[in-house]
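Dear colleague,

I am passing a structure on to you, and below it you will find some notes on its charged side chains. Please read them with the model open beside you.

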Amino acid sequence: MKTILVLLILFSAVAMPALAELTEADLNKIRLIVKEEIKTELAPIKSDIGTLKENVARLDGRMTGVEKQVSHATNVTYGLIALIVVAIGIPAWRGKRDRDQERKIEELRQEIEILKQQKIVSP
């Protein structure tokens, strides 16, 4: 216990001279050092922000170009679809019309044959 008491008094005696006050000049020096440190620390960050802004602007330009390309490709696709529909639809429509006409022609042939037979049978 005595050892602890002696050590405590010894440490207290050593710590006493450490008390001091800062003057206004000391505070100004500290402020100046802190400002300089902040400037040196922020300089690379500001540089990185400028580079980042340039990269974002470049990326935005690329995105605009890609959007235009996609829009153009979409319009071309719509045009090709319309051409395919026309290329397939018109011949199919004409083919149906031709089949209808052939059916009518065949019906008329049959009627003519029937009339010829009737004319031959009853002169």
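Subject: salt bridges in helix H2

Arg103 has a relative accessibility of 45% and therefore counts as partly exposed, where buried means under 20% relative accessible area, exposed means over 50%, and partly exposed lies in between (1.4 Å probe, protein chains only). This is a predicted model, in which local features need pLDDT of at least 70 and side-chain atom pairs count only at pLDDT 80 or more, while totals for chains, interfaces and linings use all residues. Residues are numbered from 1 along each chain as its sequence is written, and side-chain values use heavy atoms, with hydrogens and water left out.

A salt bridge here is a side-chain nitrogen of Lys or Arg within 4 Å of a carboxyl oxygen of Asp or Glu, and by this rule there are four salt bridges. Arg103 forms one with Asp100, at 3.8 Å from N to O, and another with Glu107, at 3.5 Å from N to O. Arg103 and Asp100 both lie in helix H2 (residues 24-121), three residues apart; helices are DSSP runs of H or I with at least four residues, numbered from the N terminus. Glu107 and Arg103 are four residues apart in helix H2, so about one helical turn separates them. Asp100, at 29%, and Glu107, at 39%, also count as partly exposed.

Glu106 and Arg109 meet in a salt bridge at 3.7 Å, N to O, and these residues are three apart in helix H2. Glu106 is partly exposed at 38%, whereas Arg109 is exposed at 52%. Through shared partners, salt bridges join Asp100, Arg103 and Glu107 into one network.

With best wishes

Methods. Helix = DSSP H or I, 4+ residues; strand = E, 2+ residues; numbered from the N terminus.
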